[in-house]
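Trainee: I should like to learn how the terms applied to a structure are justified. May we go through them one at a time?

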Amino acid sequence: VQLQASGGGLAQAGGSLTLSCVVASIDISATNSMSWYRQRLGKQREMVAISWSNGTATYEDSVQGRFTITRDNAKNTLYLRMNSLKPTDTATYYCKTDRVNPFGFRTFDWGQGTQVTVSS
């Protein structure tokens, strides 16, 4: 399973970016969830947003109302629209699957990360 994240870059505070995560070899509509995590410099990786299989979403408190997670099952792609960016959003962003593998075990797959830098 491969997850290819893209869309990161440099943005000014108050600006917007949209991240994409293209997934190969599995059907994302069959996953338990798809999510975005981020890792700030010197910090642990943290959950940003989760897209659940039932169509609902969960957000980390600091991004609630600013970020929107969506998915296009036909394109097997996960998105994260980030509005009203803040310098504290600067991090490497990772996409992740939560699925059951062919052997019946819960499995997590990670993308390679895309860097987001927000200047003040």
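Mentor: Let us begin with contact, which means heavy atoms within 4.5 Å. By that rule, and leaving aside neighbours within four places in sequence, Lys96 is in contact with Leu3, Ser33, Met34, Ser35, Tyr37, Phe108, Asp109 and Trp110. Please note that the model is predicted, that local features need pLDDT of at least 70 and side-chain atom pairs pLDDT 80 or more, while totals for chains, interfaces and linings use all residues. Residues are numbered from 1 along each chain as its sequence is written, and side-chain values use heavy atoms, with hydrogens and water left out.

Trainee: In which strand does Lys96 lie?

Mentor: Lys96 belongs to strand E9, residues 91-100. Strands (E, at least two residues) and helices (H or I, at least four) are DSSP runs, numbered from the N terminus.

Trainee: What makes a salt bridge, and how far from Lys96 is the nearest side chain of opposite charge?

Mentor: A salt bridge requires a side-chain nitrogen of Lys or Arg within 4 Å of a carboxyl oxygen of Asp or Glu. Lys and Arg count as positive, Asp and Glu as negative, while His and the chain ends are not counted. For Lys96 the nearest side chain of opposite charge, Asp98, is 6.0 Å away, and Lys96 has no salt bridge although it is buried. Buried means under 20% relative accessible area, exposed over 50%, and partly exposed in between (1.4 Å probe, protein chains only).

Trainee: What joins the side chains of Lys96 and Tyr37?

Mentor: They share a polar contact of 3.3 Å. The term covers a pair of N or O atoms within 3.5 Å; within protein, one must be able to donate a hydrogen and the other to accept it, and residues adjacent in sequence count only if both atoms are side-chain atoms.

Trainee: Over which ring does the charged end of Lys96 sit?

Mentor: It sits over the ring of Phe108, 4.5 Å from the centre. The rule asks for NZ of Lys or CZ of Arg within 6 Å of the ring centre and within 35 degrees of the ring normal. The charged end of Arg45 likewise sits over the ring of Trp110, at 4.6 Å from its centre.

Trainee: How many aromatic pairs are there, and why is the pair of Tyr37 and Trp110 called edge-to-face?

Mentor: Rings of Phe, Tyr and Trp (its six-membered ring) pair if their centres lie within 6.5 Å; planes under 30 degrees apart are stacked, over 60 edge-to-face, and the rest tilted. The count comes to two aromatic pairs. The centres of Tyr37 and Trp110 are 5.0 Å apart and their planes stand at 70°, so this pair is edge-to-face. It links distant parts of the chain, with Tyr37 in strand E4 (residues 33-39) and Trp110 in strand E10 (residues 106-110), 73 residues apart.

Trainee: Are Tyr37 and Trp110 buried or partly exposed?

Mentor: Tyr37 has a relative accessible area of 16% and is therefore buried, whereas Trp110, at 36%, is partly exposed. Trp110 also pairs with Tyr94: the centres are 6.5 Å apart and the planes at 85°, so this pair too is edge-to-face. Tyr94 in strand E9 and Trp110 in strand E10 are 16 residues apart. Tyr94 is buried, with a relative accessibility of 13%. The ring pairs link Tyr37, Tyr94 and Trp110 into a cluster.

Trainee: How do you know that Arg99 and Asp109 meet in a salt bridge?

Mentor: Their N to O distance is 2.5 Å, and the limit is 4 Å, so the term applies. Arg99 lies in strand E9 and Asp109 in strand E10, so the bridge ties together parts 10 residues apart in sequence. Arg99, at 12%, and Asp109, at 11%, are both below the limit and therefore buried. Salt bridges that share partners join Arg38, Arg40, Glu46, Glu60, Arg66 and Asp89 into one network. The whole structure has seven salt bridges; among them is that of Glu46 and Arg38, at 2.8 Å, N to O.

Trainee: What makes Arg71 partly exposed, and which backbone oxygen does its side chain reach at 2.8 Å?

Mentor: Arg71 has a relative accessible area of 21%, which is not under 20% and not over 50%, so it counts as partly exposed. This residue, found in strand E7, reaches the backbone oxygen of Ser51 at 2.8 Å with its side chain. The backbone oxygen of Ile28 lies 3.0 Å from a polar atom of the same side chain.
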